[in-house]
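Colleague: Please take a close look at one part of this model for me, then work outwards from there. What kinds of residues would I find there?

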Amino acid sequence: MDALRFRLRVFLALFLVIMILGTLGFMHTEGFSLLDSLYFSIVTVATVGYGDIHPVSQGGKFLAILLIICGVGTFLGVVANATEIFLERREKHLRIQKVHMLMGLFFGEAGTKLLNFFAAFDPGLETIREKLLVTGDWSKDQFVQVSKQLKGYPYDVNVRRGDLEGLRSFLGGKSDFLIRLLEHPVLLEHESFTELLRAVFHLREELLSRRDLIQLPDSDYAHLALDIRRAYTFLVHQWLDYMKYLKENYPYLFSLSMRTNPFDPGASAVVK
């Protein structure tokens, strides 16, 4: 995209120079007015050629030839690059939509439940719970503000507080689903979501590699806490970004996600 923009700027600059030189040249060689000279330069470069104005002098005809040779190619370059940028933006927008569809599948199938598991491990959850109770009144600025505030949150994890065995069982049952998500090519469009999936998949491997999660040494519990903390941090931020996206684009999906907020102890899909 950057290369396309650069090429477009170059073609636009060349086109502007050619238009200026053509306009000034016709004013000098043909004695046209500024408006007529600009008009003739444009219709010549655009290959419209109305025929109502035409050069009569030798110099004017030679200038028209140069304008056709140089200007038409430059004009087509501007049109081609502008069209390519438009199509590239449209394609990128479609790819981003597909990424958000994958995010919706992830949170519907696993992400929301994972937040429930992770939140149970967090001894300081009450200090941020209220900030994460998203409502329909939230503005775009409020999402941004809360996201900034969460960057300073430590996301502490105490593995003895939550259901470690239940977390392992849940992730083990989502193995095929996580693998299919990781294999999807459009994930390259959303690096942070890709990192989240990698962190969750790694946590799954760590938990499934241990036969017994009840009697582990403290050093191993600390290691698992770091893996959970990594996934927990990514997950909270991705969830908040996803909620913002739903509110702006899909109010009906946002309504369900808001009613099933994993940080709301009284959350229920039932509309009250």
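Modeller: In the lining of the largest pocket you'd find 11 nonpolar residues, 7 polar ones and no charged ones. In that split Ala, Val, Leu, Ile, Met, Phe, Trp, Tyr, Cys and Pro are nonpolar, Asp, Glu, Lys and Arg charged, and the others, Gly among them, polar. Bear in mind that this is a predicted model, with local features needing pLDDT of at least 70 and side-chain atom pairs counted only at pLDDT 80 or more, while totals for chains, interfaces and linings use all residues. Numbering starts from 1 along each chain as its sequence is written, and side-chain values use heavy atoms, leaving out hydrogens and water.

The volume of this pocket comes to about 370 Å³. A pocket here is an open set of points on a 1 Å grid over the protein atoms alone where a 1.4 Å probe fits, with protein on both sides within 12 Å along at least five of seven lines, and lining residues have an atom within 4 Å of a point. Go to the centre and, of the 18 lining residues, you'll find Gly104, Tyr242, Leu246, Leu253 and Ser257 closest to it. As for who builds the wall, helices H3 (58–121), H9 (218–249) and H10 (251–259) each put in at least two residues. Helices are DSSP runs (H or I, at least four residues). H3 is the top contributor, giving 7 residues to this lining.

Now stay with H9, where you'll find glutamine 238. Glutamine 238 counts as buried because its relative accessibility is 3%, buried being anything under 20% with a 1.4 Å probe. If you skip its neighbours within four places in sequence, glutamine 238 is in contact (heavy atoms within 4.5 Å) with Met103, Phe107, His190, Ser192, Phe193 and Leu196.

H3 has a buried residue to look at too: isoleucine 85 sits in that helix and counts as buried, since its relative accessibility is 6%. From isoleucine 85 to glutamate 183 it's 98 residues in sequence and 28 Å in space, C-alpha to C-alpha.

That takes us to the helix pairs. H7 (residues 175–183) and H8 (residues 191–208) cross at roughly 145°, and their axes come within 10 Å. H7 brings Ser175, Leu178, Ile179, Leu181 and Leu182 to the contact, and H8 answers with Leu197, Arg198, Val200, Phe201, Arg204 and Leu208. By class that's 8 nonpolar, 1 polar and 2 charged residues.

H8 also packs with H6 (residues 164–173), at an angle of about 115° and with the axes 9 Å apart. On the H6 side the contact uses Leu164, Leu167, Arg168, Leu171 and Gly172, and on the H8 side Val200, Leu203, Arg204, Leu207 and Leu208. Here the split is 7 nonpolar, 1 polar and 2 charged.

One loop is worth a stop as well. Tyrosine 155 lies between H5 (140–150) and H6, and it has a positive phi of about 55° despite not being a glycine. Its relative accessibility is 2%, so tyrosine 155 counts as buried.

Finally, the second largest pocket holds about 180 Å³ of space. Of its 13 lining residues, Met258, Arg259, Asp264, Gly266 and Ala267 lie nearest the centre. This lining splits into 6 nonpolar, 4 polar and 3 charged residues, whereas the lining of the largest pocket has no charged ones.

Note on methods: Axes fitted to C-alpha atoms, helices over the stretch in contact; angles between N-to-C directions. Points joined across faces, edges and corners; volume = space filled by probe spheres on them. Buried < 20%, exposed > 50% of the residue type's maximum accessible area, 1.4 Å probe, protein only.
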